[in-house]
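User: I would like a close look at one part of this protein, set in the context of the whole chain. Please take the structure below as the starting point.

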Amino acid sequence: MRKILFLSLLLSVLGFGELLAQPPVLGVDSTLVIEEGIASYYGRFFHNRKTANGEIFDMEGMTAAHKNLPFGTMIRVTNLRNGKDIIVKVNDRLPQNSKRTIDLAKGAARKLGMIQMGLAPVTISVLKPQGMARLMDYYEDDVPGSLRLRLYFEPIAVEKDTTVIFAWPDWAADFDSGG
């Protein structure tokens, strides 16, 4: 009896530990998400050098390099491992053949909680629906395949005939017709 009690207690503690180790449920508005992928960071080697848009790179800043997003675009980057999110400005370019989705300044990566690992799975989202509209105007019909741009202004309403769903069968009519 003691062995069974001990095993059940041990299993419940281990199971509870697993529940605590689960990543938090994120509250990111999925209508604003434009991309998912892997983030990395860069720092000391590029510190105080010019970025692709001409600004001087500050490794402790809240900036990022992206393959396609227009310079000056403000985006929310959410770490899918820990739920932390930051807002950064795109001011540099990643090479088109890069396997990474976004490269963050070291200061931004620190706030996102990814310095130790160096890489993190992330979602990238615009801050407001107007940001999505601006990107759609910017790209027109030439949207890069990695970006997911779409507008949702209002929920889609679907009209259904509920009388059919809640109608009771007419048993008497079936019996009267001999069926």
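Which residue in S4 does threonine 78 stand opposite? Please go on from there to the strands around this pair and to the core.

Analyst: In this predicted model, threonine 78 stands opposite aspartate 85 in S4. The pair belongs to the antiparallel arrangement of strand S3 (residues 74-79) and S4, which are joined by five bridges. S3 and S4 form a hairpin with five residues between them, and in the turn glycine 83 has a positive phi of about 80°.

S4 (residues 85-93) also pairs with strand S2 (residues 63-66), here in the parallel sense and over four bridges. Within that pairing, histidine 66 has arginine 93 of S4 as its bridge partner.

From the hairpin one can turn to the interior by way of valine 77, which, leaving aside its neighbours within four places in sequence, is in contact with residues including Lys84, Asp85, Ile86 and Val88, and also with Ile102, Leu104, Leu112, Val122 and Thr123. Valine 77 is, with Ile34, Ile102 and Leu104, among the residues with the most contacts inside the largest nonpolar core, which has 25 residues. At least two residues of this core come from each of S1, S3, S4, strand S5 (102-105), helix H2 (106-112), strand S6 (120-126) and helix H3 (129-139), while S6 gives the most, with four residues. A second core, separate from this one, has six residues, among them Tyr42, Phe57, Ala65 and Leu94.

Histidine 66 leads in another direction, since it is one of the residues touched by glutamate 35, which lies in strand S1 (residues 33-42). Not counting residues up to four places away in sequence, glutamate 35 also touches Thr101, Val122, Thr123, Ile124, Ser146 and Leu147. Glutamate 35 is buried yet has no salt bridge, and the nearest side chain of opposite charge, that of lysine 67, is 6.4 Å away; the absence follows from the definition, because a salt bridge requires a side-chain nitrogen of Lys or Arg within 4 Å of a carboxyl oxygen. The side chain of glutamate 35 does, however, make a polar contact with the side chain of serine 146, at 3.2 Å.

As for the wider setting, the protein has five helices and six strands, and from the N terminus on its elements run α-β-β-β-β-β-α-β-α-α-α. Of its 179 residues, 32% are buried, and among contacts with a separation of 6 or more, 71% are between residues 24 or more positions apart.

Methods: Residues are numbered from 1 along each chain as its sequence is written. This is a predicted model: local features need pLDDT of at least 70, side-chain atom pairs count only at pLDDT 80 or more; totals for chains, interfaces and linings use all residues. Side-chain values use heavy atoms; hydrogens and water are left out. Buried means under 20% relative accessible area, exposed over 50%, partly exposed in between (1.4 Å probe, protein chains only). Lys and Arg count as positive and Asp and Glu as negative; His and the chain ends are not counted. A polar contact is a pair of N or O atoms within 3.5 Å; within protein, one must be able to donate a hydrogen and the other to accept it, and residues adjacent in sequence count only if both atoms are side-chain atoms. Contact means heavy atoms within 4.5 Å. Two strands pair if DSSP finds at least two bridges between them. A nonpolar core is a set of buried Ala, Val, Leu, Ile, Met, Phe, Trp, Tyr and Cys residues joined through side-chain atoms within 4.5 Å.
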